[in-house]
Amino acid sequence: MKKAILLGTTGIAVAFAMLALGALAQPNAAHAQNAQLDRKEVEKIVREYLLDNPEILLDMQNALEVKQKEAQRTAAIETIKQYKEEIFNSPSDGVVGNPNGKITIVEFYDYNCAYCKRARADMHALMQENPDLRFVLKEFPILGPDSQKAHVVSMAFLKLMPEKYLEYHDKLLGGEGRAGEERAIKVALELGADEAKLREGMKDPAIIDAFNKTYDLANKLSISGTPSYVVGNEVVFGALGKDVLTEKIVAARACKEDATC
């Protein structure tokens, strides 16, 4: 984190110096004849000023971060509006909790994501505490070939036995070791899936098409890791815990009731 700040403040310092050079190297008409400053003099002044007032770099960095976060938030709102159906109502996604719930959380997850495994308890707690919560599980395999193979099985199982999808999701995500095709199939069979039908369903090209659409959607939402969530008109990056997601649910519910978003 410190390294990132130093890199950022170095860039700000360079920008500050360039601005100063532009301003100081062109004195006003009253001093034009007597106060011409060459580049070295300006650089010296800027350097001495920054050394005497280093806190200005952090102030500028903080202001830049606030501006960037606001720009990201605004872009997310527009993207969510534009792709609302794809985000919240894709027929390829598993839906748990209350299927007719007033509030929806969409989770982008990978079966091999350690943070997703921890966040599984948050999902269950949120559904228990919010009976009007509709929870959409958007399969987003980004952690290698094993992940994609496991998710192929998962999506085939969803189509074959949607009533047991949550149980399947819990067993595969909560299991020990890395999830791949073999373990994903084993879990499916333990829950009563017909192996021949499951393997046939795994060949459906619509599964890879669904993955590609999710990758594209994640890119538009600036999502590059798991878990990530869409709640109301916000994107939540990372496993920030139940309390943070509860706050987002409250905000989304208030927003919906007031018809302000």
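The legends below describe close-up views of a predicted model. Local features require pLDDT of at least 70 and side-chain atom pairs pLDDT 80 or more, whereas totals for chains, interfaces and linings use all residues. Residues are numbered from 1 along each chain as its sequence is written, and side-chain values use heavy atoms, with hydrogens and water left out.

**View 1. Strand S3 and its pairing with strands S1 and S2.** Strands are DSSP runs (E) of at least two residues and helices are runs (H or I) of at least four, both numbered from the N terminus. Strand S3 covers residues 133–139, and 7 of its 7 residues are buried, so the strand is largely enclosed by the rest of the structure. Buried denotes under 20% relative accessible area, exposed over 50%, and partly exposed in between (1.4 Å probe, protein chains only). In a regular strand, side chains alternate between the two faces of the sheet. Leu133, Phe135, Leu137 and Glu139 lie on one side of S3, and Arg134, Val136 and Lys138 on the other. Strand S1 (residues 94–97) runs antiparallel to S3 and is joined to it by 4 bridges; Val95 has Val136 as its bridge partner. Strand S2 (residues 103–109) pairs with S3 in the parallel sense over 7 bridges, with Thr104 opposite Arg134. Pairing requires that DSSP find at least two bridges between the strands.

**View 2. Surroundings of Thr214 in helix H10.** Helix H10 spans residues 205–220. Thr214 counts as buried because its relative accessibility is 7%. Leaving aside neighbours within four places in sequence, Thr214 is in contact (heavy atoms within 4.5 Å) with Phe108, Lys138, Glu139 and Phe140.

**View 3. Leu198 of helix H9 and residues of helix H6.** Leu198 lies in H9 (residues 195–201) and is buried, with a relative accessible area of 1%. Beyond its neighbours within four places in sequence, Leu198 has contacts that include Val153, Ala156 and Phe157. These three residues are among the buried residues of H6. Met155, also buried in H6, is 43 residues from Leu198 in sequence and 9.7 Å away in space, C-alpha to C-alpha.

**View 4. Contact of helix H5 with helix H7.** Cys116, Lys117, Arg120, Met123, His124 and Met127 in H5 meet Leu166, His169, Asp170, Leu172 and Leu173 in H7. The residues of this contact divide into 6 nonpolar, 2 polar and 3 charged. Nonpolar comprises Ala, Val, Leu, Ile, Met, Phe, Trp, Tyr, Cys and Pro; charged comprises Asp, Glu, Lys and Arg; the others, Gly among them, are polar.
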